[in-house]
Amino acid sequence: MDDAPLPDDLATLWYLVRRVAGLMDRTGEALFQHEIGISLAQFLVLSVVDAHPGPLNQQTVADRLGLTKGTVSRQIDNAVAAGLMSVQAAAHNRRENVVSLTPTGTALVRRGDAAFEREKAALLPDAEPGDVQAAIRVLAAMNGALDPSAALPGRQRQ
């Protein structure tokens, strides 16, 4: 941040959220490229599919990540070509595709999760657990206020 103060707390929060998001994206990109050989975007798509029990369509993945269906579709195409995912017509609607991970895709997500766990302490080395939870509460409240249909993503594994 330069020496000029921002006009208020909300402007400061906006600046910091955008800056931290960009830094986290760059850090995640480097981590997943180095550790498992895929992009952050690819890992996030695989991870969302892994965390969701049962059939999942492309639009749901896109909504969960806040990405366009086209962006997710490209990531899914890349994952299918790499043998990490499969795509099949939905049983209830032949025009809709459902995606799932292959065993190779699941193993890659586990490797990525382990790499992230090893690196997590480097992201917030001095943060108290209560501080992180407070930040999550504030950002979740803002997320809900700005987009009432948005749900806070969570990881659920079977």
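**Figure 1. The salt bridge between K120 and E117.** K120 pairs with E117 in a salt bridge, with 3.1 Å between the closest N and O atoms; the term stands for a side-chain nitrogen of Lys or Arg within 4 Å of a carboxyl oxygen of Asp or Glu. The two residues lie three residues apart in helix α5, about one turn of the helix. Helices (H or I, at least four residues) and strands (E, at least two) are DSSP runs, numbered from the N terminus. K120 is partly exposed at 38% relative accessibility, and E117 is partly exposed at 47%. Buried means under 20% relative accessible area, exposed over 50%, and partly exposed in between (1.4 Å probe, protein chains only). The structure is a predicted model, in which local features need pLDDT of at least 70, side-chain atom pairs count only at pLDDT 80 or more, and totals for chains, interfaces and linings use all residues. Residues are numbered from 1 along each chain as its sequence is written, and side-chain values use heavy atoms, with hydrogens and water left out.

**Figure 2. Salt bridges from helix α5 to helices α1 and α2.** The whole structure contains three salt bridges. One of them joins E35 to R118, with the closest N and O atoms 2.8 Å apart. This pair links distant parts of the chain, since E35 is in helix α1 and R118 in helix α5, 83 residues apart. E35 is partly exposed, at 29% relative accessible area, while R118 is exposed, at 52%. In another salt bridge, the side chains of D50 and R110 meet at 2.7 Å, N to O. D50 belongs to helix α2 and R110 to helix α5, so this pair ties together parts that are 60 residues apart in sequence. D50 is buried at 14% relative accessible area, whereas R110 is partly exposed at 37%.

**Figure 3. The largest nonpolar core.** This core has 23 residues, and those with the most contacts inside it are L46, V49, V61, M85 and V99. A nonpolar core is a set of buried Ala, Val, Leu, Ile, Met, Phe, Trp, Tyr and Cys residues joined through side-chain atoms within 4.5 Å. Two or more residues come from each of α1, α2 (40–51), α3 (58–65), α4 (69–81), β3 (97–101) and α5. Helix α2 gives the largest share, six residues. Leaving out residues up to four places away in sequence, V61 touches V45, V48, V49, L56, V72 and V99; contact means heavy atoms within 4.5 Å.

**Figure 4. The surroundings of Q58 in helix α3.** Q58 is buried, at 11% relative accessibility. Beyond residues up to four places away in sequence, Q58 touches K69, V72, S73, I76, N97 and V99.

**Figure 5. Confidence along the chain.** The protein chain has a mean pLDDT of 86, and 91% of its residues reach 70 or more; pLDDT is the predictor's confidence in each residue, from 0 to 100. Among the elements of the chain, strand β1 (residues 56–57) has the lowest mean pLDDT, 87, and α2 the highest, 95. Over residues 154–158 the pLDDT is below 50, and this stretch has 17 contacts in the model beyond near neighbours in sequence. Where pLDDT is low, the predicted coordinates should not be read in detail.
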